[in-house]
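Grab a pencil and have a look at the chain below. We'll work through a few exercises together, one step at a time.

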Amino acid sequence: MGQGSGGGVPTWERKARCFLCVFGILLSVYALHVEVSKESNPDYRAVCDLGESVSCSKVFTSRWGRGFGLVQFLVAEDHFLNQPNSILGIIFYTLQLSLGLSVSPRAAMLLVLSSWVSLAGSLYLASILLFVLEDLCLVCISTYVVNLVLMLVNLKRRSGLSAAREKAE
């Protein structure tokens, strides 16, 4: 698969990153919509609420749905830094999409580092989901999968840049 018009970014990677990031942004926007809707109307039932133990709104409106459940220990619960996790997801996927346009080694390093942070967050939230909330959140699991695949794309990018640099030397 050849290079695309993305300044040296392989076509497969550009398409994969675009799909993953847009999908991640859509999932995050939907999560934000569910959280805001549920908070303003307790009777709201999201499409992803399939049952008592399969409920995304239960997860998004829990204390772990904002600032990973940790920021509230540093600032007030209603402080502007204690944002919904979905806002952090929108920022993360936008960052991934933007940095993915660059072929610089620094951008590749930032892509990998931010992916490691997202995977750590995904593992933390997955454990909360499973062991604390005892819930199955299909939107959450989908974002974990997107984060994992983005990490693989980012590692491939970094190794590809390293190989190209060694070949040029």
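Here come five exercises on this predicted model, each with a worked solution.

**Exercise 1. Work out which cysteines are joined in disulfides, and what pattern they follow.**

Step 1: We need a cut-off, and here a disulfide is a pair of cysteine sulfur atoms within 2.5 Å.

Step 2: Try Cys48 and Cys56: their sulfurs are 1.5 Å apart, and a disulfide joins the two. Next, Cys137 and Cys140 are joined too, with S to S at 2.4 Å.

Step 3: Count up, and the rule gives two disulfides. Number the bonded cysteines along the chain and you get the pattern 1-2, 3-4.

Step 4: Now check the handedness. The angle about the S-S bond is 45 degrees for Cys48 and Cys56, a right-handed link. For Cys137 and Cys140 the angle is 70 degrees, and that link is right-handed as well.

**Exercise 2. Explain why Cys18 has no bond to Cys21, then sort the cysteines into buried and partly exposed.**

Step 1: The closest cysteine sulfur to that of Cys18 sits in Cys21, 7.7 Å away, so the gap is too far for a bond. Cys21 is in no disulfide either.

Step 2: For the sorting, buried means under 20% relative accessible area, and exposed means over 50%.

Step 3: Cys18 has 38%, so this residue is partly exposed. Cys21 comes out at 0%, so this one counts as buried.

Step 4: Do the same for the bonded cysteines. Cys48 has 7% and is therefore buried; Cys56 has 0%, so it's buried too. Cys137 and Cys140 are both buried.

**Exercise 3. Find the aromatic pairs and describe how the rings sit.**

Step 1: Remember that a pair of aromatic rings is described by the distance of the centres and the angle of the planes.

Step 2: There are two aromatic pairs to find. One is Phe19 with Phe23: the centres are 5.9 Å apart and the planes differ by 10 degrees, which makes the pair stacked.

Step 3: Look at where these two sit. Phe19 and Phe23 are four residues apart in helix α1 (residues 11-40), so about one helical turn separates them. Phe19, at 56% relative accessible area, is exposed, while Phe23, at 34%, is partly exposed.

Step 4: Now take Phe92 and Tyr93. Their ring centres are 5.1 Å apart with the planes at 65 degrees, so this pair is edge-to-face. Both Phe92 and Tyr93 are buried.

**Exercise 4. Check whether the span of helix α4 agrees with its number of residues, or disagrees.**

Step 1: Helix α4 covers residues 105-132, which is 28 residues.

Step 2: The expected span is 1.5 Å times one less than the number of residues, so α4 should span 40 Å.

Step 3: The end C-alpha atoms of α4 are 40 Å apart, so the two values agree.

Step 4: Keep going a little along the chain: just after α4, Glu134 has a positive phi of about 50 degrees.

**Exercise 5. Which residues touch the most other members of the largest nonpolar core?**

Step 1: The core has 25 residues, and Phe60 and Cys137 touch the most other members.

Step 2: Ask who contributes. Two or more residues come from each of α1, α2 (56-60), α3 (85-99), α4 and α5 (138-168). Helix α5 gives the largest share, six residues.

Step 3: Finish with Cys137. Leaving aside neighbours within four places in sequence, Cys137 is in contact with Cys56, Val59, Phe60 and Leu129.

Notes:
Residues are numbered from 1 along each chain as its sequence is written. This is a predicted model: local features need pLDDT of at least 70, side-chain atom pairs count only at pLDDT 80 or more; totals for chains, interfaces and linings use all residues. Side-chain values use heavy atoms; hydrogens and water are left out. Buried means under 20% relative accessible area, exposed over 50%, partly exposed in between (1.4 Å probe, protein chains only). Rings of Phe, Tyr and Trp (its six-membered ring) pair if their centres lie within 6.5 Å; planes under 30 degrees apart count as stacked, over 60 as edge-to-face and the rest as tilted. A nonpolar core is a set of buried Ala, Val, Leu, Ile, Met, Phe, Trp, Tyr and Cys residues joined through side-chain atoms within 4.5 Å. Contact means heavy atoms within 4.5 Å.
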